[in-house]
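Thank you for asking me to look over this entry. My comments follow as numbered points, meant to be read beside the sequence and the model.

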Amino acid sequence: MSNINDQFMAEAIALSFEGMRLGEGGPFGAVIVKEGKIIAKGYNQVISSNDPTAHAEVVAIRHACQVLQNFDLKGCELYTSCEPCPMCLGAIYWARLDKIYYGNSKIDAAKIGFDDNFIYQELERSIDKRQLPMMQIMSEEAFKAFQEWADKQDKIPY
Ligand SMILES: [Zn+2]
């Protein structure tokens with residue numbers, strides 16, 4: 001007997017097969033569940049959409065936000081066929097999902113050529129020790145927009 005969590009994960013896994021077999025992207029699928037129902041689905045579409053950010057989790061988050069007409073997914077849970085990469089994990093935090101269930105681990109993903117561990121390692125390094133050069137420039141000018149936001153009376157905080 002499979003429990004409800006397994007049924008949602010089974011759907012995420014089915015999506016991982018579907019997207020891969022359609023040639024849309026790698027073998028990754030995700031669903032978002034609210035109050036016991038799937039409200040959004042996604043599979044990896046990096047290849048078909050020429051979008052390196054079109055990971056299954058991000059695709060599912062975008063769908064869920066459209067369905068709910070909200071940028072906040074509090075009260076929702078994510079089922080993903082693989083442990084989220086750092087980009088998706090960041091997106092999941094920003095979307096404020098309640099919980100993550102994952103199937104494959106990032107170690108499993110690395111074994112088939114999807115190694116995001118180097119990004120996790122990069123994040124632990126100070127900026128000057130990373131492979132990707134990062135320079136702060138024009139900070140005073142850039143900060144003016146921040147100041148305006150801080151002072152803005154009619155903003156929608158998120
Ligand atoms: Zn990702």
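1. How far apart do the end C-alpha atoms of residues 3-117 lie, and how much of the span is helix and how much strand? In this predicted model, those end C-alpha atoms are 31 Å apart, and the span is 42% helix and 23% strand. The choice of span follows the UniProt record, an unreviewed entry, which annotates residues 3-117 as "domain: CMP/dCMP-type deaminase".

2. For the chain as a whole, there are six helices and four strands, and from the N terminus on the elements run α-β-β-α-β-α-β-α-α-α. The C-alpha atoms fill a box of roughly 60 × 40 × 25 Å along the principal axes. Of the 158 residues, 32% are buried, while the area that the chain exposes comes to about 10,700 Å², with 57% of it supplied by carbon and sulfur atoms. Among contacts with a separation of 6 or more, 47% are between residues 24 or more positions apart.

3. Glu-83 deserves a careful look: this residue sits in the loop between β3 (76-82) and α3 (86-95), and it is buried yet has no salt bridge. The nearest side chain of opposite charge belongs to Lys-106, at 4.3 Å, and a salt bridge would need a nitrogen-to-oxygen distance within 4 Å. The backbone of Lys-106 is nevertheless involved, since its nitrogen lies 2.9 Å from a polar atom of the Glu-83 side chain. Leaving aside residues up to four places away in sequence, Glu-83 touches Tyr-102, Asn-104, Ser-105 and Lys-106.

4. Elsewhere, side chains of opposite charge do pair, and the count comes to seven salt bridges. One of these joins Asp-72 to Lys-74, with the closest N and O atoms 3.4 Å apart, and both residues belong to a network of salt bridges that also includes Arg-96. Asp-72 counts as buried because its relative accessibility is 17%, whereas Lys-74, at 52%, counts as exposed.

5. Two further salt bridges can be checked in the view. Glu-122 meets Arg-125 at 2.9 Å, N to O; Glu-122 is buried at 8% relative accessibility, and Arg-125 is partly exposed at 34%. Asp-154 meets Lys-152 at 3.0 Å, N to O, and here Asp-154 is exposed at 58%, while Lys-152 is partly exposed at 37%.

6. Finally, is Tyr-93 buried or exposed? Tyr-93, placed in helix α3, counts as exposed because its relative accessibility is 63%. The C-alpha atom of Tyr-93 is separated by 9.7 Å from that of Leu-73, a residue 20 residues apart from it along the chain.

How values were computed:
Residues numbered from 1 in each chain as written. Predicted model: local features only at pLDDT ≥ 70, side-chain atom pairs only at ≥ 80, totals over all residues. Heavy atoms only, no water. UniProt positions renumbered as here; feature names shortened; annotations may be inferred. Helix = DSSP H or I, 4+ residues; strand = E, 2+ residues; numbered from the N terminus. Buried < 20%, exposed > 50% of the residue type's maximum accessible area, 1.4 Å probe, protein only. Lys, Arg positive; Asp, Glu negative; His and termini not counted. Polar contact = N/O pair within 3.5 Å; in protein donor to acceptor, adjacent residues only side chain to side chain. Contact = heavy atoms within 4.5 Å. Areas by Shrake-Rupley, 256 points an atom, 1.4 Å probe, with all protein chains shown as cover.
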